[in-house]
Structures are given as structure tokens and as C-alpha cells.
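Subject: Structure for you to look at

Hello,

Here is the structure I said I would pass on. Please open it next to this message and follow along.

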Amino acid sequence: MAQVIMPKMGDGMTEGTILRWLKKEGDSVETGDILAEIETDKASVELPAEASGKLANILVKEGDTVPVGAVIAEILGEGEQPQVLPTAEAPTTAKETVTPVAEPVAEALREESPTQERVKASPLARRIAQEAGVDLAMVKGTGPGGRIVERDVQQFIASRGATARPPLTEPARPAAAVAESPALVGGEPLSRMRRLIAERTTLTKQTVPHFYVTMDIDMAEAMALRERLNTALPEDAPKISVNDFVTKACALALARYPQVNSLYQNDRIYPSSEIHIGIAVALPDGLIVPVLRHCERKTLRQIAAETRQLVEKARAGRLTPEEYTGATFSISNLGMYGVDEFIAIINPPAVAILAVGAVQKQPVVLDDDTVAVRPRMKVTISADHRALDGAVAAEFLRELKRILENPYAMVE
């Protein structure tokens, strides 16, 4: 007998949804046969059988979501009987009955959801309680609807014999700024991808000390080379984009500055000898970052072809976990929307990400003090200060600028 469980298909996955069963109870299956389609936070993937036998005891209906590690069916050998008994609630939302193989980020977030968040209290009361180390669940509220207000917390502190802090005055802000927002009604729940993005970006911005360095790059030579290369390509070949140039240039620059191509985890830095660059792709429900592996070995044409393939799979929701995990560096490009410059949030455990703006014509003062119109592009690196310093980030950008302004080195 073999249990079929909800697998963990990549970093950040804590649960999955059964889109549809491709086999039904009683069907004979062989190892490798596709049993079902599963929707993760980032893609729809196929679930292969890991054993041969008869599919039995399907515990999760199509459309139901279960945590990673939940038993969703069994594969029985000759004469074997199901071992997992279905419950009335079944494991559709089996978070209470099945121990999930929870992803650390999600665990951390759950730990950061204290009881206080469920207690009705004014912002000032929360602030005083937090500073005094008071659990709001122990304070009786006397405000409207039992809401805990400042005096309640102060009285609680006094009654406990604690040294009451001087009453905090309201911040010197306009009254409208401290007024409590009315409760919103309606609204739409976050999709699982949107929720994951919210959790990870919030955690990243709270725990990773970002700093940013911006540089302006003359793209005249790169744009001219791009036009020549694309003209020479067969009609049906993928054209080389500006982003492909940036990706190739980043791979060359990362090879020169491996500190930027490092990973940071548990107070340790892990330099990576392999350059796997993630390319941010916008989807209707959020964002996904397919990864081009071993960019240091790829030509511009290979980068262009592989990027197109990954982007198409991302938009179709068909990326495999191996195709959207493991980036050692990432690129986010909003140039196609006409954005001049922006900053991006690091995708841990990588220590840096590059934000790319549009190539735009600008007046430039040349070395001979004449003014000319040149295509320029701004790039901004977001770096993790625990692993990188400003000087290293600046040197990396200077090397990236040198390569893009002398692009023929990319096709040698």
C-alpha cells in the first residue's frame, strides 16, 4: 500500500488544490501515471503515481484544498485494504487533522499572529500594551463595544503594580491621520498567489535590510547591435529583446562580482558558482519568477529562446517547481510600460535584484561638451546589506554599464 500525499512543489508552497482527478477509484495505475492535476500557488502541475497498484480511497474532492503532506488517496496492492479512514470533514481543509509539512515562512507568519490581533483595541492602546509587554487579551475594554482604549491599558498596568509609563500623547499628526478607519465591507479575498506574494514581500521588507543603487546606462551601442542581430535572425526565430541583453550582461557582471550572486540564510553567506537568473513575469493573479539556469554558459540567442519558452509556460500556468525556484539573482523589468526607474524587492535567499527601466531618448552632454540625443536606461539594484555593501553594488553596476555600453563582448 502506498499513500498519495499532497506534495511540496517548491519554496513557499504550504497547500495545494486538486483541480481534477485523472484516475478514478478502482483504476489500475503504474508508477509514473498521472493521477491528478494540482494547483499550487504558482502553477498547475501534474501529480504522478509513485507506486503501481489500484487507486483507492480518494479522500479529497476536485476543487478542495489541503495542506502539503495531507493524504489524498491510496494505491493498494493485491488483497490490501485502505488504511486511512475518511472522516466526516474529510481532509478538504485538513489543517486540523493532518500535520502539514509547513514551509518556514508560513510558520513564522503564523507565529506572528498573536492573540492581540484578534482583540478590539485602539492603536494607542496597542502601542502602550506592546511597549509595556501587556497581553491585551487580559485587559477589559471599556470603550464602545468593549473596545480597549488607552485608559484600560494604563489601569491594567497600575493594577499589576508595574511601573506605568507616562501616558503617551497622541503623535503630532493631523487628527484625520489618527482617526480610526471605518470598517470596510465587501471586498474580494486574496488569491493564493496574491496571498503568498503579500506574505513573502512583507516578511522580506521587514527582515532584509535593503539598500539601493541606481545607474544610468547609454544603450546606443546595445540597441544598434540588437537591431543587427534581429535582422540576421530567421523569420521564425525568437527576437532578442532589451531584457535579453540585460540578462546576458548581468551574467557576465555576476561572474566578475560573485558576491552579488550569493545566497543568505541563517546568518551565513553562500557564494554560488552557478548563475541562475530569475525573470519576473506579471500574471493576472500576481507575479512569478521563472529561472534561466546557467546563464553564464548561454548565448544571447539561447537566452532569448529560453526566456520566451519560460514566459509562455508561466502565463499558461504550466511551470514546474524546478523552473521557478533556485534563482541566485533576479531581474524585474518594467521598461515595456514606460517606467523610467523603480526599485524591486529582493527575492530571498538571493541577496540582490535588478530593476530595469525603459530605454528612452534623452539629451546628454558628451565628453566634448556638445549635447546629443542618446537612448538611456536606468537600472537600480536592491541589495541585502547583510551580505553586500554599497561599494560592491556600485562596482557591479559599473561593470554592467561597461558591458552594455560595449555590447560586442556579449557576442564574441
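Below is what was found in it, going from the whole chain to single residues.

**Overall**

Please keep in mind that this is a predicted model. The protein has 412 residues, and 43% of them count as buried. Its secondary structure consists of nine helices and 19 strands. The accessible surface comes to about 22200 Å², and carbon and sulfur atoms hold 52% of that. If you take the contacts with a separation of 6 or more, 62% are between residues 24 or more positions apart.

**Helix H9**

Start with H9, which covers residues 390-405. This helix has 16 residues, and at 1.5 Å a residue it should span 22 Å; the C-alpha atoms at its ends are 22 Å apart, so the expected and actual spans agree.

Which residues of H9 are buried? They are Val392, Ala393, Phe396, Leu397, Glu399, Leu400, Ile403 and Leu404. Around the axis they take up an arc of only 160°, so they lie on the same side of H9. Ala391 and Arg398, on the other side of the helix, are exposed. What do the buried residues pack against? Their partners are three kinds of neighbour to look up in turn: strand E9 (210-218); the helices H6 (220-232) and H7 (242-256); and the strands E16 (329-333), E17 (352-356) and E19 (371-384).

**Strand E16**

E16 is one of the strands that H9 packs against. Five of its five residues are buried, so E16 is largely enclosed by the rest of the structure. In a regular strand, side chains alternate between the two faces of the sheet. Both faces of E16 are covered. Phe329, Ile331 and Asn333 are buried on one side, and Ser330 and Ser332 are buried on the other.

E16 pairs with E12 (residues 277-279) through three bridges, and the two strands run parallel. It also pairs with E17, again in the parallel sense, over four bridges. Ile331 is a good residue to find on screen: it is the bridge partner of Ile279, and it stands opposite Leu354 in E17.

The loop between E16 and E17 contains Pro349. The peptide bond from Pro348 to Pro349 is cis, with omega near 5°.

**A four-stranded sheet**

Elsewhere, four strands make an open antiparallel sheet in the order E1-E8-E6-E3. E1 (2-5) and E3 (28-29) are the edge strands; each has a single partner strand, so one side of each has no neighbour in the sheet.

E3 pairs with E6 (residues 53-56) over two bridges in the antiparallel sense, and Val29 stands opposite Gly53. E6 is also joined to E8 (residues 71-76) by three bridges, and these strands run antiparallel. There, Lys54 has Leu76 as its bridge partner.

**Two residues with positive phi**

Asn57 lies in the loop between E6 and E7 (65-67). Its phi is near 55°, a positive value in a residue other than glycine. Asp267 sits in the loop between E10 (262-265) and E11, and its phi, near 60°, is positive too. Are these residues buried or exposed? Asn57 is buried, with a relative accessible area of 12%, whereas Asp267 is exposed, at 69%.

**Ser272**

Ser272 is in the loop between E11 (268-271) and E12. With a relative accessibility of 18%, Ser272 counts as buried, because the cut-off for buried is under 20%. Apart from neighbours within four places in sequence, Ser272 is in contact with Asn261, Ser262 and Thr328.

**Cysteines**

How many disulfides does the structure have? A search of the whole structure finds zero. A disulfide is a covalent bond between the sulfur atoms of two cysteines. Cys250 is in no disulfide, and the nearest cysteine sulfur, in Cys295, is 9.2 Å away. That is too far for a bond, because the two sulfur atoms would have to be within 2.5 Å. Both residues are buried: Cys250 has a relative accessible area of 0%, and Cys295 is at 0% relative accessibility as well.

Regards

Note on methods. Residues are numbered from 1 along each chain as its sequence is written. This is a predicted model: local features need pLDDT of at least 70, side-chain atom pairs count only at pLDDT 80 or more; totals for chains, interfaces and linings use all residues. Side-chain values use heavy atoms; hydrogens and water are left out. The expected span of a helix is 1.5 Å times one less than its number of residues. Buried means under 20% relative accessible area, exposed over 50%, partly exposed in between (1.4 Å probe, protein chains only). The arc is that of the directions from the helix axis to the C-beta atoms. Contact means heavy atoms within 4.5 Å. Two strands pair if DSSP finds at least two bridges between them. Accessible areas come from the Shrake-Rupley method with a 1.4 Å probe; for residues, only the protein chains shown count as cover.
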